[in-house]
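Biologist: I should like to learn how to read a model of this kind, feature by feature. May we begin with a contact and work inwards from there?

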Amino acid sequence: AANVFDYNLLTGLHVVVTAGPTREAIDPVRYITNQSSGKMGYAIAEAAAEAGARVTLISGPVNLPTPTRVKRIDVVRAEDMYNASMAVVDEGCDVFIATAAVADYRPSVTAEHKIKKSTEEIHLTLVKNPDIVAAVSAHAKRPFTVGFAAETRDVVAYAQAKLDNKKLDMIATNDVSGENVGFNSDNNALTVIWPGGHKVLPLAAKRQIAKQLIELIAIRHKRD
Ligand code: CTP
Ligand code: CA
């Protein structure tokens, strides 16, 4: 039941969570990034620890305290988050939950010095970053792999496509077009999809949603 949280659901398991945005430098004082407070990922890391897991939180730049009994690894760029993730998966982990809002592209070059204002128009060339969760699910020591998808339209269809394309065990999706969910909010509502099933977690505090998601992950992980 949603209100009776089993503190031993994930005992003995190593859970890895990515959270927050990544930051891709244009020059020493400028960067491109994604909108992300990190709150959902931090709540999930906290809930996993409360459920008895050993938790590693790989975090982009956010303004949040580290949850109790969670090991936090700070990263800035997507490539750093990729390398940190591969290192923990190489070592071996049981569950990987990708909540991070990873920048899909980075500037092809980072200027060594601050770019000076000049012509009316300048062009920035972007190159694709590695897909971290797809690399995790393709890894030889593949953990139970969970993705997130923040969408503004066709929420479930896009999430289902990501579940299939990235070969995930589960994907949690939220509609971020509304005002009371997602991003900086303390509340969230999720639709959680896995091959052959789904469950709606209605609008609630992110802490509460995190616990419910951890329960679903524990059940599905045990079954696999
Ligand atoms: N993700 C990742 N590495 C990336 C991009 C995304 O690990 N370089 C993960 C996110 O952490 C999330 C999932 O993939 O768990 C879905 O992210 P999303 O941005 O919704 O999907 P994309 O594949 O990047 O597709 P698009 O942005 O075009 O919707
Ligand atoms: Ca993306």
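Biologist: Which residues does S177 touch, not counting residues up to four places away in sequence?

Modeller: Please keep in mind that this is a predicted model. A contact is read from the C-beta atoms, which must lie within 7 Å. By that reading S177 touches T152 and R153, once residues up to four places away in sequence are left out. S177 itself is placed in the loop between β10 (170-175) and β11 (187-194). S177 and A150 are 27 residues apart in sequence, with 9.2 Å between their C-alpha atoms.

Biologist: Does S177 count as buried or exposed, and why?

Modeller: The class follows from a count of neighbours: 12 or fewer other C-beta atoms within 10 Å make a residue exposed, and 20 or more make it buried. S177 counts as exposed because it has 12 C-beta neighbours inside 10 Å. For A205 the count is 13 C-beta neighbours inside 10 Å, so A205 is classed as partly exposed.

Biologist: Where is A205, and which residues does A205 touch?

Modeller: A205 belongs to strand β12 (residues 197-205). Its contacts, not counting residues up to four places away in sequence, are D186 and N187. A205 and T173 are 32 residues apart in sequence and 16 Å apart in space, C-alpha to C-alpha.

Biologist: How should strand pairing be read, and in which sense do β1 and β4 pair?

Modeller: One looks at the bridges between two strands and at the sense in which they run. Strand β1 (residues 14-19) pairs with strand β4 (residues 54-59) in the parallel sense over 6 bridges, and V15 has V55 as its bridge partner in β4. β1 also pairs in the parallel sense with strand β6 (residues 95-98), over 4 bridges; there the partner of T18 is A98. β6 in turn pairs with β9 in the parallel sense over 4 bridges, with F144 of β9 as the bridge partner of V95.

Biologist: In which sense do β2 and β3 pair?

Modeller: Strand β2 (residues 23-27) and strand β3 (residues 30-33) pair in the antiparallel sense over 4 bridges. One of the bridges links E24 to I32 in β3. A hairpin of 2 residues joins β2 to β3.

Biologist: How many residues of β1 are buried?

Modeller: In β1, 5 of the 6 residues are buried, and the strand is mostly covered. In β6, V95 and I97 point one way while F96 and A98 point the other way, and all are buried.

Biologist: Which residues touch the most other members of the largest nonpolar core?

Modeller: In soluble globular proteins, nonpolar side chains tend to be buried together. Here the largest nonpolar core has 58 residues, and V15, V17, I44, A48, L213 and I214 touch the most other members. Helix α1 (residues 39-50) supplies the largest share of this core, 8 residues. Leaving aside neighbours within four places in sequence, V15 is in contact with L10, A48, A53, V55, D94, V95 and I97.

Biologist: How many residues surround ligand 1, and which are the closest?

Modeller: The shell should be read by its members, its elements and its classes. Ligand 1 is surrounded by 14 residues, the closest being A98, V102, I132, V133 and G147. α3 (132-137) and β9 (144-151) each give the shell at least two residues, and β9 has the largest share with 3 residues. By class the shell holds 8 nonpolar, 3 polar and 3 charged residues.

Biologist: At which residues does UniProt place the feature "binding site"?

Modeller: An annotation is to be read as what the record states. The unreviewed UniProt entry places this feature at D104, K114, P130, D131, I132, V133, F148, K162 and K166. These positions cover 63 residues of sequence and are also spread in space, up to 37.6 Å between C-alpha atoms.

Biologist: Why does D131 count as partly exposed, and why is F148 buried?

Modeller: D131, in the loop between β8 (126-128) and α3, is partly exposed because it has 17 C-beta neighbours inside 10 Å. F148, in strand β9, is buried because 25 other C-beta atoms lie within 10 Å. Not counting residues up to four places away in sequence, F148 touches A98, T99, I171 and A172.

Methods: Residues are numbered from 1 along each chain as its sequence is written. Chains are lettered from A and ligands numbered from 1 in the order in which they are written. This is a predicted model: local features need pLDDT of at least 70, side-chain atom pairs count only at pLDDT 80 or more; totals for chains, interfaces and linings use all residues. A residue is near a molecule or strand if its C-beta atom, placed from the backbone, lies within 6 Å of it. Ala, Val, Leu, Ile, Met, Phe, Trp, Tyr, Cys and Pro count as nonpolar, Asp, Glu, Lys and Arg as charged, and the others, Gly among them, as polar. UniProt positions are given in the numbering used here, feature names are shortened, and annotations may be inferred rather than shown by experiment. Two residues are in contact if their C-beta atoms, placed from the backbone, lie within 7 Å. Two strands pair if DSSP finds at least two bridges between them. A nonpolar core is a set of buried Ala, Val, Leu, Ile, Met, Phe, Trp, Tyr and Cys residues joined through C-beta atoms within 7 Å.
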